[in-house]
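Welcome! Take a moment to look over the sequence and the 3D view below, and then let us walk through them together.

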Amino acid sequence: MNLAWLLTFGAFLFSVGIYGVLARKNAVLVLMSIELMLNAVNINLVGFNAWFADQTASGQIFSLFIIAVAAAEVGVGLAIVLLIFRRRKTIAVDEVDLLKW
Amino acid sequence: MTLPEFFIIAIAVISAISAVAVVAAKNVVRAALYLVGVLGGLGFIFILLGAEFVGWTQILVYVGAIVVLLLFGLMLTAAPIGRYALDNQQRLLAFLVSAATFTGFTVMIWNAFGDQEIPLDQVVRTRDIGTSLFTNFVLPFELVSVLLLAALVGAILLAKKY
């Protein structure tokens, strides 16, 4: 298996995530696109770990850390989204402009 | 092409198509279900790359927990349906940015790693992960557990009705 194909797949997922973050208006869909970008990083870490044949499996352990951090991020992010929806009746990220002047 | 390579490439193609469907879907619930395709496919790719614990954790945490959480978020926020309700007016700009990112990454990747091969016959067992996690990476592991606790308390506090 060629390493570069796997990394290209990761780069593709990351670019799709960037498109989703920039083009989506619904805050939950933006969170989904962030998940895509985090998973692209996981592909790189696991792929490099398999290529490098690391004895301590550092790449896989850091991908586990990324999974845990992503779970925390989704939990807090969805709580904020629910709070905004309760107060403003919308979760469109370009209509929540309280901190913009 | 060996059998694991064939399966990795096939699952990668399916995952890539599902990823495009996630950001292009007009229905938010369908976007969440396409996300299951992407994340589950990645879990199987991890298993085929010899990372069995990471693969099953990916399927368990993402498909089992995060997608369900996202679906709850969608159901509780009464999301409208349709392209103009879900996308803003910067779609062309966003496409250009992501295409430029992909091109730059691809050129760099193929310049640096174009001729490197991954050996697909090694498996990292769960025991190796555990040993490494509790000897070399104890401090990051404890920090992640504190972070998860803080996120749990913060989410409950934010979503509580006053």
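In this predicted model, 62 residues of chain A are in contact with 72 residues of chain B. On the chain A side, helices α1 (3-23), α2 (27-52) and α3 (58-88) each supply at least two of the residues that touch chain B. The largest share comes from α3(A), with 21 residues. By type, the residues on this side of chain A divide as follows.

| Type of residue | Number on the side of chain A that touches chain B |
|---|---|
| Nonpolar | 44 residues |
| Polar | 14 residues |
| Charged | four residues |

Now for the interior. The largest nonpolar core has 70 residues, and those with the most contacts inside it are A:Leu13, A:Val28, A:Met32, B:Val22, B:Ala31, B:Leu35 and B:Leu70. Both chains take part: α1, α2 and α3 of chain A, together with α1 (3-24), α2 (28-48) and α3 (52-76) of chain B, each supply at least two residues of this core. Its largest share, 15 residues, comes from α1(A).

B:Leu35 is a nice residue to click on. Leaving aside its neighbours within four places in sequence, B:Leu35 is in contact with A:Met32 and A:Glu35 from chain A, and with B:Val22 and B:Val67 from chain B.

Finally, have a look at helix α7 of chain B, residues 138-159. Its 22 residues reach 32 Å from the first C-alpha to the last, close to the 32 Å expected at 1.5 Å a residue. Is α7(B) largely buried or in the open? Of its 22 residues, the number buried is two, so α7(B) lies largely in the open.

How values were computed
Residues are numbered from 1 along each chain as its sequence is written. Chains are lettered from A and ligands numbered from 1 in the order in which they are written. This is a predicted model: local features need pLDDT of at least 70, side-chain atom pairs count only at pLDDT 80 or more; totals for chains, interfaces and linings use all residues. Two residues are in contact if their C-beta atoms, placed from the backbone, lie within 7 Å. Helices (H or I, at least four residues) and strands (E, at least two) are DSSP runs, numbered from the N terminus. Ala, Val, Leu, Ile, Met, Phe, Trp, Tyr, Cys and Pro count as nonpolar, Asp, Glu, Lys and Arg as charged, and the others, Gly among them, as polar. The expected span of a helix is 1.5 Å times one less than its number of residues. A residue is buried if 20 or more other C-beta atoms lie within 10 Å of its own, exposed if 12 or fewer, and partly exposed in between; C-beta atoms are placed from the backbone. A nonpolar core is a set of buried Ala, Val, Leu, Ile, Met, Phe, Trp, Tyr and Cys residues joined through C-beta atoms within 7 Å.
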